[in-house]
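Thank you for letting me take a few minutes of the meeting. Please have a look at the structure first, and then I will walk through it piece by piece.

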Amino acid sequence: MLYDLIIIGGGPAATGAGVYAARKKLNTLVLAKEFGGQSIVSPEIYNWIGVQAISGAELSKNLTEHLKSYEGELLTIHEGVAATAVRAEGDNFNVHTDSGDVYTTRTVLVATGAGRRKLEAAGADTFEHKGFTYCATCDGPLFTGKDVAVVGGGNAGFESAAQLLAYVKSVTLFEYTDSYKADPVTVEKVLSHDSMTGVLNAEVLEITGDALVKGLRYRDRATGDEHALNVEGVFVEVGVLPNTDLVADIVELDQYRHIVVDPRRQRSSLLGIWAAGDCTDGLYEQNNIAVGDAIKAVEDIYVYLKTK
Ligand SMILES: Cc1cc2nc3c(=O)[nH]c(=O)nc-3n(C[C@H](O)[C@H](O)[C@H](O)COP(=O)(O)OP(=O)(O)OC[C@H]3O[C@@H](n4cnc5c(N)ncnc54)[C@H](O)[C@@H]3O)c2cc1C
């Protein structure tokens, strides 16, 4: 069997792409390790357009059910199967899987997303979703009027701090090294805010609290002194880990291992392979963006297949 398209992933990007591919009657296979996507764990999502509030679990269920409603002759879904490698084979591609099966396709859409790099501090796992979170855009408004901390002094950390300053009482940002990694203009602008404090050389050791976060402990790496700070929210931005190993040797990746795409069409550096969502070098990571990028990719895949 030669598929028109193999979609790899099970999050918003993959499910959105699958719906569009099915409606365009492309002979499509979806390989999903799991359905749902990263925000499945969010108690409430307030920015999924068209719905005022929805839990991450409900959103994931809706996306998956929408995709599965098209399952049939032209749309095959293999759930619980991870793609392990994509290899070019003449004009086509062979997609290898952890079940040992190999599938052949004319085009591939990689929508494998990413995982957040976790903060290695005591209490981080215990307090996740109890005041300790990896998404300021999603959870920031829940901390209106409160003192919060951001861990990570790169662009993502500073962007989170800038967003949080709109609602919270104060933000203290901790950077592990002796200099901020974000753009100097952003650093200057955000740190100039009255409610903003930056701490360099800070190793966050522990998140503290009872049922919810009450504070954190950190070590000044320059002096070795330990300090405590009372905060009700801790937002972590210490990097992401894109799931791109399966295509690392055939498409261009950026320095953070995101797939480099042409943002107009979502094409990777190798003709025949597209990518969408958090596995790409797109600047912003959101459900709506992942879906939009995936649909852009399927539109382009369709034109490519029909004009090839
Ligand atoms: C805690 C949290 C809360 C968030 N809240 C919001 C929010 O409120 N609003 C918002 O817009 N965004 C939110 N985000 C961001 C949003 O979840 C992501 O931008 C979005 O999920 C990206 O979708 P994606 O499809 O690209 O990737 P992902 O959601 O990462 O999905 C990737 C999928 O691919 C599958 N997969 C991975 N590797 C393979 C493989 N080799 N083979 C087969 N399948 C594979 C995975 O099992 C997964 O199902 C949140 C993120 C986090 C971490």
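Before I point at any strands, one term has to be clear: two strands are said to pair if DSSP finds at least two bridges between them. With that in mind, and remembering that what we see here is a predicted model, let me begin with a run of three strands. Strand β5, residues 92-97, and strand β6, residues 102-110, run antiparallel and are joined by four bridges, and one of the places to look for this is N94, whose bridge partner in β6 is T104. On the way from β5 to β6 the chain makes a hairpin with four residues between the strands, and there G100 takes a positive phi near 95°.

β5 also has β4, residues 83-89, as a partner, and these two pair in the antiparallel sense over six bridges. If you follow β4 to V86, you will find V95 of β5 standing opposite. The hairpin of β4 and β5 has two residues between the strands, and in this hairpin G90 takes a positive phi near 65°.

Let me step back now to the whole chain. How is the chain divided into domains? Domain 1 takes in residues 2-115 together with 240-307, while domain 2 covers residues 132-236, and the C-alpha centres of the two domains lie 33 Å apart.

The ligand is a good place to see both domains together, since the shell around the ligand draws at least three residues from each of domain 1 and domain 2. In total 39 residues surround the ligand, and the closest are G11, G37, G113, C138 and G277. Some elements supply at least two residues of this shell each, namely α1 (12-23), β2 (28-32), β7 (114-116) and α6 (287-307). Sorted by class, the shell holds 18 nonpolar, 16 polar and five charged residues.

α1 leads us to a helix pair, because α1 and helix α2, residues 56-68, pack at an angle of about 30° with their axes 9 Å apart. Angles under 35 degrees count as roughly parallel, and that makes α1 roughly parallel to α2. The crossing of these two helices, α1 and α2, is left-handed.

Next come two sheets, and I would like to take them one after the other. The first to look at is an open sheet of five strands in the order β8-β15-β9-β10-β11, with parallel pairing. Its edge strands are β8 (132-133) and β11 (196-199), each of which pairs on one side only. Inside this sheet, strand β9, residues 147-151, and strand β15, residues 233-236, run parallel and are joined by four bridges, and there V151 has V236 in β15 as its bridge partner.

The other is an open sheet of three strands in the order β12-β13-β14, with antiparallel pairing. Why is one side of β12 and of β14 left without a neighbour in the sheet? β12 (202-209) and β14 (226-230) stand at the edges with a single partner strand each, so one side of each has no neighbour there. Neighbouring strands of this sheet are turned by 25° against each other on average, direction ignored. β12 pairs with strand β13, residues 213-220, in the antiparallel sense over seven bridges, and I207 stands opposite L216 in β13.

I will finish with a second helix pair. The axes of helix α4, residues 155-164, and helix α5, residues 184-191, come within 10 Å and cross at roughly 30°, and α4 and α5 are therefore roughly parallel to each other. Their crossing, that of α4 and α5, is left-handed.

Notes. Residues are numbered from 1 along each chain as its sequence is written. This is a predicted model: local features need pLDDT of at least 70, side-chain atom pairs count only at pLDDT 80 or more; totals for chains, interfaces and linings use all residues. A residue is near a molecule or strand if its C-beta atom, placed from the backbone, lies within 6 Å of it. Ala, Val, Leu, Ile, Met, Phe, Trp, Tyr, Cys and Pro count as nonpolar, Asp, Glu, Lys and Arg as charged, and the others, Gly among them, as polar. Domain bounds come from an automatic or database domain assignment. Axes are lines fitted to C-alpha atoms, for helices over the stretch in contact, and angles run from 0 to 180 degrees between N-to-C directions. Angles under 35 degrees count as roughly parallel, over 145 as roughly antiparallel, 65 to 115 as roughly perpendicular and the rest as oblique. A crossing is left-handed if the near helix is turned anticlockwise from the far one by less than a right angle, and right-handed if clockwise.
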